[in-house]
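Student: I would like to go through this structure with you. Could we take the sheet, the helices and a few individual residues in turn?

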Amino acid sequence: MSDTAAESPAPTADEALHTTLDVPFDDAVPFVQIEHELADFETVRVTRLDEMIGGMLGHDDVERTALIVVCHPEIAYDALSIDPTLAGMLPCTTLVYEREGDDLVHVHHVSATKAIRDLGCAPGDCGDAVDDLVEKTGELMAVVWDNIEEHGRK
């Protein structure tokens, strides 16, 4: 890997959404989940990674971390319309986690549709459709993110 590649992340990572909340972790997870649902994302699953790792591997040194896995019907429909195999890159996931020495709860989202774009997962002649999918996803997730930031403060 070149020095330049190591210094600048791929667009998907560079454009990820991140915010912090000054609320308890146990309140942040359902709050972030509900904000997605209010924007018509369906919750597929909420998983506590720290509990799963602790239970299966016996590690007790993982800070509280939750995955909120959601899917929006318009995004799913559009992805399937482009190519059914793109559904393998869905659904969307938002991470809620704590860091040692930090009193805030972090909320982080990397766009699955931007990953589809950046990894070149769609057929070669679908560039415009993928761009439209990325734009729609961004608009829908912007609503979620604005509400998390507006309503997630004490």
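Tutor: The discussion below moves from the sheet to the helices and then to the cysteines and selected side chains.

Student: What should I know about the model beforehand?
Tutor: This is a predicted model, in which local features need pLDDT of at least 70 and side-chain atom pairs count only at pLDDT 80 or more, while totals for chains, interfaces and linings use all residues. Residues are numbered from 1 along each chain as its sequence is written, and side-chain values use heavy atoms, with hydrogens and water left out.

Student: What is the strand order in the sheet?
Tutor: The five strands form an open sheet in the order β1-β5-β4-β3-β2, with antiparallel pairing. Strands are DSSP runs of E with at least two residues, helices are runs of H or I with at least four residues, and both are numbered from the N terminus. Two strands pair if DSSP finds at least two bridges between them.

Student: Which strands stand at the edges?
Tutor: β1 (17-21) and β2 do; each has a single partner strand, so one side of each is left without a neighbour in the sheet. From one strand to the next, the twist averages 20°; axes here are lines fitted to C-alpha atoms, for helices over the stretch in contact, and angles run from 0 to 180 degrees between N-to-C directions.

Student: And β3, what are its pairings?
Tutor: β3 pairs with strand β2 (residues 42-48) in the antiparallel sense over six bridges, and six bridges also join β3 to strand β4 (residues 92-98), again antiparallel. On the β2 side, glutamate 42 stands opposite cysteine 71 of β3. On the β4 side, valine 70 has cysteine 92 as its bridge partner.

Student: Is β3 mostly covered or uncovered?
Tutor: Strand β3 (residues 65-71) is mostly covered, with five of its seven residues buried. Buried means under 20% relative accessible area, exposed means over 50%, and partly exposed lies in between (1.4 Å probe, protein chains only).

Student: How many bridges join β4 to β5?
Tutor: Five bridges join β4 to strand β5 (residues 105-109), and the two run antiparallel. Tyrosine 97 stands opposite histidine 106 of β5.

Student: Which helices lie across the sheet strands?
Tutor: Helix α3 (residues 25-38) lies across β1, β2, β3, β4 and β5, at about 160° to β4. Helix α4 (residues 49-57) lies across β2 and β3, at about 45° to β2.

Student: Changing topic: how many disulfides does the search find?
Tutor: The search of the whole structure finds zero disulfides, a disulfide being a pair of cysteine sulfur atoms within 2.5 Å. Cysteine 92 is in none, and the nearest cysteine sulfur, in cysteine 71, is 6.4 Å away. Cysteine 92 counts as buried because its relative accessibility is 2%.

Student: Why is cysteine 121 not bonded?
Tutor: The closest cysteine sulfur, in cysteine 126, is 12 Å from that of cysteine 121, which is too far for a bond. Cysteine 121 is partly exposed, with a relative accessible area of 30%.

Student: Which residues of α6 are buried?
Tutor: In helix α6 (residues 112-119), Ala112, Thr113, Lys114, Ala115 and Ile116 are buried. Their cover includes α2 (11-14), α5 (73-82) and α7 (127-151). After α6 comes glycine 120, with a positive phi near 70°.

Student: What does threonine 113 touch?
Tutor: Leaving aside its neighbours within four places in sequence, threonine 113 is in contact (heavy atoms within 4.5 Å) with Ile75, Leu133, Val134 and Thr137. Threonine 113 counts as buried because its relative accessibility is 0%.

Student: Where does serine 111 lie, and what are its polar contacts?
Tutor: Serine 111 lies in the loop between β5 and α6. Its side chain makes a polar contact with the side chain of threonine 113 (3.1 Å); such a contact is a pair of N or O atoms within 3.5 Å, where within protein one must be able to donate a hydrogen and the other to accept it, and residues adjacent in sequence count only if both atoms are side-chain atoms. A polar atom of the serine 111 side chain also lies 3.0 Å from the backbone nitrogen of lysine 114.

Student: Finally, is tryptophan 145 buried or exposed?
Tutor: Tryptophan 145, in helix α7, counts as buried at 5% relative accessibility. Leaving aside neighbours within four places in sequence, its contacts include Leu17, Thr94 and His108.
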